[in-house]
Amino acid sequence: MSTATRTQVPVSAPPDPGARERLVRSDRQLSAITLLLRLPQVMAPLGVLTWVAVSASSAWAAALSSAALCLGMAVCAVGMALFSNVRWRQWALAGIALIQGGVMWQLSLVDVSTVPVAWGAVSAFVPFFIAGLSLTPMGLAARLRWASVLQGQGRLEAFSSAMRRESVNEALATVLGAALTGLLAVVIGPSSVLKVSATLSLVTIAFFVAHRSSRYPQANMPVHLLWRDRSPLGVPRSTTFRLRHGLLYGIGALSALLGAVQGCLAVYSVSLDSGETMGAIYALLGFGAAVGSSLAVRFRHRITASNMMVLSGTGALVASMLLSAPSGSLGYSVVLLLVGLFSGPSLLCLHSSSGQVGVTTGFLGLVAQMSVVSSASSAVGLIVCAYLGVHRDYMSAAMGPVAAAMLLLGTALFFSYTLRRSPVRDPRI
């Protein structure tokens with residue numbers, strides 16, 4: 001009597017209901033840490049500008065000090081890109097955190113009331129440049145961490161979503177850094193900004209290095225400062241080149257605009273002997289950027305990033321023109337609020353578009369280039385506007401933000417024009 005053979009069908013184990021929740025919680029923790037990592041990079045230049053302007057009563061000395069710090073940050077960004085894929089990267093970050101905290105704390109104890117204002121006294125600004133060398137651009141480190149985490153978890157399909165999240169963090173850091181700098185400068189004192197920045201760097205980098213996400217193997221995503229990208233199938237190499245450089249020109253123009261606004265604000269505040277309120281006034285730019293970024297995200301399904309860049313560039317140009325006719329602190333505050341309202345969406349669109357224009361293989365290299373260009377352009381905007389304001393007049397200095405805003409709008413139009421005539425999908429925020 002034959003017996004029927006039963007076929008054993010393997011039954012897959014039910015999915016762990018808590019696994020997805022743990023992943024979401026871990027992602028949120030990492031996103032919050034990477035947001036806080038960026039704050040010292042925003043707070044330090046603003047803090048130095050406010051501190052020197054109040055202590056030395058010289059907009060020119062304040063601009064040169066902050067510009068020297070920004071140039072040091074640009075050099076540090078180059079070094080970060082060159083050594084981004086070394087195996088001892090985590091230990092290097094821990095060492096840099098200690099150096100950065102110590103340098104920024106010591107810088108806050110320096111007597112800046114005697115900072116010279118002559119071109120020949122370049123040695124007086126070397127300490128600020130050295131301090132900038134310790135300010136690591138953590139945006140690149142954060143994106144490299146996300147690449148390692150997602151590759152280790154087998155979730156590489158979520159990489160673009162994580163990069164969009166980091167783009168939002170870039171904009172939020174600019175917003176929160178400006179607001180926090182203004183609050184600390186008024187409530188505690190301008191020099192306290194550097195101390196808080198140093199403490200925040202030590203704490204956040206310690207959390208970043210010790211976070212559970214650091215246990216994943218380092219992802220194989222090289223960072224090339226030089227353009228070595230291969231265009232995707234069907235996309236001409238020249239098109240990818242123009243789109244990539246359109247973003248670089250855009251971030252340079254936007255950073256020059258923000259630096260020029262800082263230079264004009266320093267000249268305006270020192271001339272009225274109201275340097276103590278400079279941080280609070282600039283914090284309104286951060287508040288405006290927060291509102292503008294929130295509106296941009298709200299309409300992300302209706303307006304593409306390229307169209308939003310054109311709209312925000314046009315608004316930034318109109319708002320920057322109002323800087324030439326300030327009518328007291330209230331009027332100046334309103335103008336800065338409007339500048340921030342359009343600068344926030346521009347920054348968000350630029351970073352969001354960087355990973356969506358067909359340059360995915362060279363994305364991290366593009367991020368590194370944007371960090372270098374951003375710091376250097378901020379220094380240029382500061383120096384030019386402060387020089388015009390001190391050695392000419394304020395009306396001449398106010399033309400600096402207008403020129404930078406015109407360049408920002410021009411790069412937005414160039415990027416949109418190139419994108420419309422290419423097979424690359426129009427990016428969204």
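**View 1. Leu-71 is partly exposed in this predicted model.** Its relative accessibility is 37%. That value lies between the 20% limit for buried and the 50% limit for exposed, so Leu-71 counts as partly exposed. Leu-71 sits in helix 2. Leu-71 also belongs to a nonpolar surface patch, described in the next view.

**View 2. Six residues form a nonpolar patch on the surface: Leu-71, Val-75, Val-126, Phe-129, Ile-130 and Leu-133.** The patch covers about 450 Å². Which helices each supply at least two of its residues? They are helix 2, residues 59–82, and helix 4, residues 126–133. Helix 4 gives the most, with 4 residues.

**View 3. The largest nonpolar core has 84 residues.** Val-52, Phe-128 and Tyr-332 have the most contacts inside this core. Helix 8, residues 237–271, contributes the largest share, 16 residues. A second core is separate and holds 27 residues. Among them are Ala-141, Ala-219, Val-223 and Phe-363. In soluble globular proteins, nonpolar side chains tend to be buried together.

**View 4. Helix 10 runs from residue 305 to residue 321.** Its 17 residues reach 24 Å from the first C-alpha to the last. This is close to the 24 Å expected at 1.5 Å a residue. Is helix 10 largely enclosed or largely open? Of its 17 residues, 12 are buried, so helix 10 is largely enclosed by the rest of the structure.

**View 5. The buried residues of helix 10 pack against other helices.** These partners are helix 8, helix 9 (278–298), helix 11 (328–354) and helix 14 (399–420). The buried residues include Met-308, Met-309, Val-310 and Leu-317. Glycines are on the list too, including Gly-313 and Gly-315. So are serines, including Ser-306 and Ser-312.

**View 6. Ile-303 lies in the loop between helix 9 and helix 10.** Is Ile-303 buried or partly exposed? Its relative accessible area is 23%, so Ile-303 is partly exposed. Buried would require a value under 20%. Leaving aside residues up to four places away in sequence, Ile-303 touches Met-308, Leu-311 and Arg-428. Of these, Met-308 is one of the buried residues of helix 10. Pro-427 is 124 residues from Ile-303 along the chain. In space, the C-alpha atoms of Ile-303 and Pro-427 are separated by 9.9 Å.

Terms used. Residues numbered from 1 in each chain as written. Predicted model: local features only at pLDDT ≥ 70, side-chain atom pairs only at ≥ 80, totals over all residues. Heavy atoms only, no water. Patch = residues over 30% accessible without salt bridge, like charges linked within 9 Å, V, L, I, M, F, W, Y side chains within 5 Å. Areas by Shrake-Rupley, 256 points an atom, 1.4 Å probe, with all protein chains shown as cover. Salt bridge = Lys/Arg side-chain N within 4 Å of Asp/Glu carboxyl O. Buried < 20%, exposed > 50% of the residue type's maximum accessible area, 1.4 Å probe, protein only. Core = buried A, V, L, I, M, F, W, Y, C linked by side-chain atoms within 4.5 Å. Expected span 1.5 Å × (residues − 1). Contact = heavy atoms within 4.5 Å.
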